[in-house]
Structures are given as C-alpha cells and as structure tokens.
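The following exercises are to be worked with the sequence and the coordinates at hand. Each task is followed by a solution in steps.

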Amino acid sequence: MNIIITGASRGIGKELVKLFAENVSNKIFIISRNEAKLNELHEYCKKEYKNSQIHSIAFDITETSKIKTLVDDLLSENETIDILINNAGFLVAKPFDQITLADAETIYKVNVLGPLELIKKLIPGLKKAEHAHVVNISSMGGFQGSVKFPGLAAYSSSKAAIASLTECLAEEYKESNIKFNCLALGAVATEMLAEAFPGYEAPTTAKQMAEFIYDFALNGHKMFNGKILPVSKTTP
Ligand SMILES: NC(=O)c1ccc[n+]([C@@H]2O[C@H](COP(=O)([O-])OP(=O)(O)OC[C@H]3O[C@@H](n4cnc5c(N)ncnc54)[C@H](OP(=O)(O)O)[C@@H]3O)[C@@H](O)[C@H]2O)c1
C-alpha cells in the first residue's frame, strides 16, 4: 500500500510510521519540517525492518501554495495513494485575548488549510486506489459538546473545522472509492501535550494511540465514512 503520513517527525505520527514500516511492502511518504528527525526515523526503520520503503519529505504544510509541487513530485513516482493520515498539528495555548492573528493563521494553516489543500491535490491519486481512506486527526477539544479548555480557542476551533471538512468531503465523494473519517483524540503523552500542559499526565501513550489509528486507517473505511469519532478514555 502507498501511505502518506504528515507530522511524522515526533509523537503519534512517528509511532504510526514505525507500525506501517513493519510491513515492508508498504511505501510510506513521511512529511514534517524537521529533516534531521525524519532522517533519523528513516534510518531507524531501515535498521529495524530491512527493506522498509520510506520516503522522507521535509516540508512545511503552512506553505499551501507549494503543496501542488509536493504532490506532483510524489505522484510522478507513485500514482496511487491508499491511505492519507493528516496527523500534523500545531497548538498555541494562550488566553484568547493574547492569541495573535499570526498564531491563529499558523494554527489554521497546519490544522485545516494544509490538510484541505493536500487532500485536494491528492484526489487523483486517491481515486486510483481500490479503496482509499483519508484519516483526519482532530481533538476532543474540537468535538461538539465536549469539555472545552481555556487557552485553546484557536486550536480547538481549527480541530472542529477539520472534523466538519471530513463530513463535507465524505458527502461530496460518496459515490467514489474514497472514504473520509476523522478521529477526535483525547489526551496523549507527547511533546505537544507536555509543551502545552506541563506536568499533565495523559492516560494514553503515543504508541498506544498510534496502534489504534493504524488499525483504523487500515480497516475503518469498511464500516465508517464521514464520521467524527471521539477516541478518548475519559468522559464526557
Ligand atoms: N497529544 C495530544 O494530547 C493530542 C490530543 C488531541 C489531538 N492531538 C492531535 O494529534 C496529532 C499529533 O499530535 P502529537 O501530540 O503527536 O503532536 P507533536 O508531538 O507536536 O507532533 C506534531 C507533528 O506535526 C508536525 N508539524 C507541526 N507543524 C508542522 C508544519 N508547519 N508542517 C509540517 N509538519 C508540521 C511536527 O513536525 P515538525 O515540527 O518536524 O514540522 C510533528 O511531527 C496532532 O494533529 C494533534 O493536534 C494530539
């Protein structure tokens, strides 16, 4: 299978890459800004799983006007995309009146506009797969009716936007082979969480969450389309 994972340099994305790399017939395109960390992961996978096929692409997803070129480069050597996981995420935790427009623009570019443009440009590749699955990673903070946290207005509202985009795309492509789903994650012990909420102990590790997303990316399209699923052990 041909798989694209954004936000692969650390956290949940990094763990996801390791899981997909175990099956050496998978060709995995990993995207993040930090080239050194991507190369480190690439080397790790080569050592652990001989013949794993990883293509690292250092790219800033906020550069939405360059996404066409990025995809043209990918598709020239790889016509079909089976799975796209829009996992890259950016969080700024600040009281609402201190969030700058620049903060909000970056948050929305990483969490909504980058994925929107990436999906759009990948539609031809996704259409060529027998069954394609786009998994968008949202947050419980962006899930309707969930508990909201002060300081996360821009982040959580951007996560609500990617969730709504998922529903819209599922409707628009319902006659096609492409399924779109969104996972609204609860707290996971990653650098993102540690930076935003120092000292908070999440009930789930990055590896545990990656295992769930891995399984869902492979199988969720069989039963779900256009769904926003809360993935959280805590209530409500
Ligand atoms: N951890 C949680 O508690 C939690 C809860 C709910 C939802 N989520 C969501 O789960 C996903 C993964 O989160 P995580 O906790 O693993 O976060 P993380 O450790 O901060 O990792 C985020 C990833 O996104 C990439 N990224 C950020 N800005 C980017 C940009 N401009 N261009 C390309 N890549 C970019 C980062 O790579 P570079 O820095 O190398 O670019 C990194 O690989 C995110 O969408 C997050 O919002 C996490």
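**Exercise 1. A salt bridge within helix α1**

K18 is buried, with a relative accessible area of 17%. The model is a predicted one.

Task: Identify the salt-bridge partner of K18 and describe the setting of the pair.

Solution.
1. The side chain of K18 meets that of E15 in a salt bridge, with an N to O distance of 3.4 Å.
2. E15 and K18 are separated by about one helical turn, because they lie 3 residues apart in helix α1.
3. The cut-off for a buried residue is under 20% relative accessible area. E15, at 16% relative accessibility, therefore counts as buried.
4. The surrounding helix is mostly covered, with 10 of the 11 residues of α1 buried. Among them are G11, I12, L16 and F20.

**Exercise 2. Two further salt bridges**

Task: Determine whether the partners of the K94 salt bridge are buried or partly exposed, and do likewise for the K207 salt bridge.

Solution.
1. A search of the whole structure yields 11 salt bridges.
2. K94 pairs with D103, and their closest N and O atoms are 2.7 Å apart.
3. K94 has a relative accessibility of 27% and counts as partly exposed, whereas D103 is buried at 16%.
4. K207 pairs with E211, with 3.2 Å between the closest N and O atoms. Both residues belong to helix α7 (residues 206-219), where they are 4 residues apart, about one turn of the helix.
5. K207 is partly exposed at 46% relative accessibility, and E211 is partly exposed at 36%.
6. Elsewhere, salt bridges that share partners link E117, K120 and K121 into one network.

**Exercise 3. The surroundings of the ligand**

Task: Describe which residues and helices or strands surround the ligand, and list polar contacts made with the ligand.

Solution.
1. The ligand is surrounded by 30 residues, of which R33, N87, Y155, V188 and T190 are the closest.
2. By class, this shell consists of 13 nonpolar, 12 polar and 5 charged residues.
3. At least two shell residues come from each of α1 (11-21), β5 (132-139), α5 (153-172) and α6 (191-196).
4. A polar backbone atom of I12 is 2.9 Å from an oxygen atom of the ligand. I12 is also one of the buried residues of α1.
5. A nitrogen atom of the ligand lies 2.8 Å from a polar side-chain atom of D60.
6. In the side chain of Y155, an N or O atom is 2.6 Å from an oxygen atom of the ligand.
7. The ligand taken alone exposes 880 Å², and the protein buries 94% of that area.

**Exercise 4. Cysteines without a disulfide**

Task: Explain why C182 is not bonded to C168.

Solution.
1. A disulfide is a covalent bond between the sulfur atoms of two cysteines.
2. The search of the whole structure finds 0 disulfides. C168 is in no disulfide, and its nearest cysteine sulfur, that of C182, is 12 Å away.
3. For a disulfide, the sulfur atoms must be within 2.5 Å. The closest cysteine sulfur to that of C182 is in C168, and the 12 Å between them is too far for a bond.
4. As to accessibility, C168 is partly exposed with a relative accessible area of 43%, whereas C182 is buried at 0%.

Technical notes
Residues are numbered from 1 along each chain as its sequence is written. This is a predicted model: local features need pLDDT of at least 70, side-chain atom pairs count only at pLDDT 80 or more; totals for chains, interfaces and linings use all residues. Side-chain values use heavy atoms; hydrogens and water are left out. A residue is near a molecule or strand if one of its heavy atoms lies within 4 Å of it. A polar contact is a pair of N or O atoms within 3.5 Å; within protein, one must be able to donate a hydrogen and the other to accept it, and residues adjacent in sequence count only if both atoms are side-chain atoms. Accessible areas come from the Shrake-Rupley method with a 1.4 Å probe; for residues, only the protein chains shown count as cover. Ala, Val, Leu, Ile, Met, Phe, Trp, Tyr, Cys and Pro count as nonpolar, Asp, Glu, Lys and Arg as charged, and the others, Gly among them, as polar. Buried means under 20% relative accessible area, exposed over 50%, partly exposed in between (1.4 Å probe, protein chains only). A salt bridge is a side-chain nitrogen of Lys or Arg within 4 Å of a carboxyl oxygen of Asp or Glu.
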